Amino acid sequence: YGLPASVVVVPEFTVAGEAANGSTVSVDGEAVGTTDGYFETTVRLEAGINTIGVEDPDSGLSDTITVTYLPEALRQFAYIREFAGEMIVDYAEFLTGEGANEAAREAGEIGEGETVPNDFFIRNVNPAARGLALAEDAIIYVLGFDEEGGIKPVLVERSDFESMFEGNFDPTDWYGGDPRQLPYWLIIEGETVVQVEQQYLP
C-alpha cells in the first residue's frame, strides 16, 4: 500500500494498492472503491507524524503507514559523492516532460524536434559539493530486488548505508551499482537530512 514510513513536504499523501475487483478498502477510516483490482486515494496530512491505517476486509490484510509531514523542509534531488560521518552532496535537477526536452536541447544532448529517452533529463550545471548531516534516525530507502528479480525500495539502517559508501555492498543485492554515482531525493530539515530515497533510473 506504500512505504512503511515516509517524510514529505506537502500536505497530501497518495495511498494505492491492489485488492479484489469491486471490493471496498478502508483507508484512514474512509471507504475507497476498487476498479480493475486497484485502488488509489489521497489523504490530507497534519504537520508532524500521521498514522494511516489501511484495511482490506475481503482478504483480511491490513497495514499501517507512518507519514511525517514537515512543511518547512526541502525536497532536493542530489548525488551523494561521499559519506563518512557527514554526507557530501551535489545538488542537481531531475526534469521530466517538455522541461526535460528543453534542458537537453540547451545542453546540446538532443536536437530540435527530438525528445529525451525515457522522458527525463538530469541537469547539473553547478557540481559544487556541500556537507550535510544525516540524522541518526533518518529514513533511508535504496533499490533492491524482490524474489522474482523485480526492483523494489528497501529500508536500510544508517550504518549500513554509510558502509555502502565504503565499498561494502554486493552489486547483485542493490540496483544501480556504486552508490556515489546514483541519484537520490533528500528531505532536508535545516542542515540535516531526515530522509534519503534512491531515484530509479532505467
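Is Tyr-79 buried or exposed? Select Tyr-79 to begin: with a relative accessible area of 12%, Tyr-79 is buried, where buried means under 20% relative accessible area with a 1.4 Å probe and protein chains only.

The model is predicted, so local features need pLDDT of at least 70 and side-chain atom pairs count only at pLDDT 80 or more, whereas totals for chains, interfaces and linings use all residues. Residues are numbered from 1 along each chain as its sequence is written, and side-chain values use heavy atoms, with hydrogens and water left out.

Next add Phe-77, which counts as buried at 2% relative accessibility. Its ring centre lies 6.2 Å from that of Tyr-79 and the planes stand at 70°, so the pair is edge-to-face; rings of Phe, Tyr and Trp (its six-membered ring) pair if their centres lie within 6.5 Å, and planes over 60 degrees apart count as edge-to-face. Extend the selection to Phe-94, Phe-120 and Trp-185, which ring pairs link with Phe-77 and Tyr-79 into a cluster.

Move on to Phe-161 and Phe-165, whose rings have centres 5.1 Å apart and planes at 75°, so this pair is edge-to-face as well. Phe-161 counts as buried at 0% relative accessibility, and Phe-165 counts as buried at 8%.

From Trp-185, step to Gln-195, which touches Trp-185 and also, among others, Ala-5, Val-7 and Ile-139, contact meaning heavy atoms within 4.5 Å. Gln-195 counts as buried at 5% relative accessibility, and a polar atom of its side chain lies 2.7 Å from the backbone nitrogen of Val-7.

Methods. Buried means under 20% relative accessible area, exposed over 50%, partly exposed in between (1.4 Å probe, protein chains only). A polar contact is a pair of N or O atoms within 3.5 Å; within protein, one must be able to donate a hydrogen and the other to accept it, and residues adjacent in sequence count only if both atoms are side-chain atoms. Rings of Phe, Tyr and Trp (its six-membered ring) pair if their centres lie within 6.5 Å; planes under 30 degrees apart count as stacked, over 60 as edge-to-face and the rest as tilted. Lists of a residue's contacts leave out its neighbours within four places in sequence.
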